Amino acid sequence: MSFFLCTFVCENFTRSMKKQELHKLIKLAEGGNIVAQSNLGCHYIINSDGDDEAKCAEGVAWLQKSADGGFPPALYHLGLCYLQGSGVKADYYKAYDLFDEATDWPDPIPEDWNVTEEEARSAKGLAYLNKSVTAMLLSYSSSILDMVKAADLGEKHAIAYLATMMSTDGKSLNTDYLTKAYEVTPALAARTEGLFLYNNGHKAQGIAKLLEAARGGDMLAADIVVEDYITNLKIQTKEDLLLLEELLPITSIKTAERLMKILYGFYSNGIIVEKDIEKSLNIIVSMIDRYSVVAIVYYAFLCITLRLYENQENLELLHEAWKFIELYLDSEKFITDDICDLYMMLFILANAFQNGKYGFEKNEQTALKLYKLVLEGAEKASTIMQTEQAKKVSNKYTNFSQKFMTKFGMRLIMRRSKRNIKQLKKQIHGKTK
């Protein structure tokens, strides 16, 4: 659960709230307005990012004041705090009770709450959904009943979940809830049906439904379709390639980064389609627009290998890539993250620092560190490529980085790195004498 799943109450209280608006809200809260107290509490919690404990605790305090006044949204948000341990010690029993109270709305709703019937229904649905989740954590038998209540109120996640959960024989979908799910949230319903079909021996129909969900904007469905195409070697025609290109902006960053390199390989090498270097580079640029660190580093690496550094903009991109790499240099994550697949980029940067190239100042210590990472990355890449699945995918969908490794030889790069490490150590040792 996340505070970004909060009800309508928090939607207007973001990080961009103006000071005068916040000052007015504080005045209202201090004056005892329970709606303002709830909104102020949400504001502090959202802006704490979960790290500022003092601000988070202050937010909980304001939510408690509003909850004491009987404001259901405050009870709900306070329940989330106890469920997640945000600003308070996690307490599932307390969270359950608060969610239960949050389902109780007065009729009619007080005018000064400024809440519509539709908003109240949605908030009640979320309360029942979270009550059900908490009941599951506590092994309460009421969890299904609460999920049904949430679904009956139109809560889309509850509807989709029940579509598969409430089956008669464990091998069929609950058609009543599935029909409701398609009415409320078509993409989520299509993903639910697609996953069920895919996992029950109907992979072709399942992929068709998952593709429908992906085209409706469902990221998880898009990830599953892409993974199925890659691992089962289904990229056979130009239409397959165009389909994956269509899904690229819908998939999660991690899946998209993997797909980006495969698409680059097809277009840059003319596999299935005509060779199109410009389009292959544009695919990577589209990922840079999604703030992909791997795309930035990968593009900078290609600019060097393709000798595109006459362009000042590309030269600046190389320095931008270095900024991202530098953040991970002293972290174990750097070795285990996808970015280590680009160890050739590290070799080029190490050479740049060793010799003062591409606008970088000469820095032997940094060059030494990078050469060491090249060896670690190369060894890991070598191990991964030895697996049968990796060989199978690599042979079928040879991307540019793999062709580059084959052409110049992983052993050659490792040998050069070892030689340069030895040379740099001597130079650094000589200076420290």
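# Exercises on a predicted helical model

Lys-131 and Asp-100 are joined by a salt bridge in which the closest N and O atoms are 2.8 Å apart. The model is a predicted one, and the exercises below work outward from this pair to other parts of the chain.

## Exercise 1. The pair Lys-131 and Asp-100

Task: Work out which helices hold Lys-131 and Asp-100, and what the pair ties together.

Solution. Begin with the contact itself, a salt bridge with its closest N and O atoms 2.8 Å apart. Next, place the partners: Lys-131 belongs to helix α6 and Asp-100 to helix α5, so the pair ties together parts that are 31 residues apart in sequence. Then turn to accessibility, where Lys-131 counts as buried because its relative accessibility is 8%, whereas Asp-100, at 35%, counts as partly exposed.

## Exercise 2. Two further salt bridges

Task: Determine where the partners of the salt bridge between Arg-191 and Asp-218 lie, and do likewise for Glu-246 and Arg-215.

Solution. The side chains of Arg-191 and Asp-218 meet in a salt bridge with an N to O distance of 3.1 Å. This pair links distant parts of the chain, since Arg-191 is in helix α10 (residues 186-199) and Asp-218 is in the loop between α11 (203-215) and α12 (219-231), 27 residues apart. Asp-218 is buried, because its relative accessible area is 8%, and a residue counts as buried when that value is under 20%.

For the second pair, the closest N and O atoms of Glu-246 and Arg-215 are 2.9 Å apart. Glu-246 is found in helix α13 (residues 238-247) and Arg-215 in helix α11, so this salt bridge ties together parts that are 31 residues apart in sequence. Glu-246 is partly exposed, with a relative accessible area of 36%. Shared partners also occur among the salt bridges, and they join Asp-100, Lys-131 and Asp-146 into one network. A search of the whole structure finds ten salt bridges.

## Exercise 3. Buried or exposed?

Task: Decide whether Ala-321 is buried or exposed, and name the residues that Ala-321 touches beyond four places in sequence.

Solution. Ala-321 lies in helix α17, which covers residues 312-328. With a relative accessible area of 0%, Ala-321 is buried. Leaving out residues up to four places away in sequence, Ala-321 touches Ile-296, Val-297, Ala-300 and Met-345. For Ile-296, which is 25 residues away along the chain, the C-alpha separation from Ala-321 is 5.7 Å.

Task: Apply the question of buried or exposed to Asn-420 and to Tyr-182.

Solution. Asn-420 is in helix α23 and is buried, with a relative accessible area of 5%; apart from neighbours within four places in sequence, Asn-420 is in contact with Gln-354 and Tyr-371. Tyr-182, in helix α9 (residues 175-184), has a relative accessible area of 23% and is therefore partly exposed. Not counting residues up to four places away in sequence, Tyr-182 touches Ala-189, Ala-190, Glu-193, Lys-209 and Glu-212.

## Exercise 4. Backbone details in loops

Task: Identify which residues a cis peptide bond joins, and state what phi is for Asn-114 and for Ile-272.

Solution. The cis peptide bond joins Asp-107 and Pro-108, with omega at about 5 degrees, and Pro-108 is placed in the loop between α5 and α6 (117-137). Asn-114, which lies in the loop between α5 and α6, has a positive phi of about 55 degrees although it is not a glycine; Asn-114 is exposed, with a relative accessible area of 67%. Ile-272, also not a glycine, has a positive phi near 70 degrees and sits in the loop between α14 (253-269) and α15 (277-288), where Ile-272 counts as partly exposed at 37% relative accessibility.

## Exercise 5. Charged patches and the whole protein

Task: Find which residues form the positive surface patch and which gather in the patch of negative charge.

Solution. Arg-411, Arg-415, Arg-416 and Arg-419 form the positive patch; of these, Arg-415 is in helix α23 (residues 410-432) and is exposed, with a relative accessible area of 52%. The negative patch gathers Asp-91, Asp-97, Glu-101 and Asp-104 on the surface, and Asp-91 is in the loop between α4 (72-84) and α5 (92-102).

Task: State how many helices and strands the protein has and what percentage of its residues is buried.

Solution. The secondary structure comes to 23 helices and zero strands, and buried residues make up 49% of the 433 residues.

Methods
Residues numbered from 1 in each chain as written. Predicted model: local features only at pLDDT ≥ 70, side-chain atom pairs only at ≥ 80, totals over all residues. Heavy atoms only, no water. Patch = residues over 30% accessible without salt bridge, like charges linked within 9 Å, V, L, I, M, F, W, Y side chains within 5 Å. Areas by Shrake-Rupley, 256 points an atom, 1.4 Å probe, with all protein chains shown as cover. Salt bridge = Lys/Arg side-chain N within 4 Å of Asp/Glu carboxyl O. Lys, Arg positive; Asp, Glu negative; His and termini not counted. Charge placed at Lys NZ, Arg CZ, Asp CG, Glu CD. Helix = DSSP H or I, 4+ residues; strand = E, 2+ residues; numbered from the N terminus. Buried < 20%, exposed > 50% of the residue type's maximum accessible area, 1.4 Å probe, protein only. Contact = heavy atoms within 4.5 Å.
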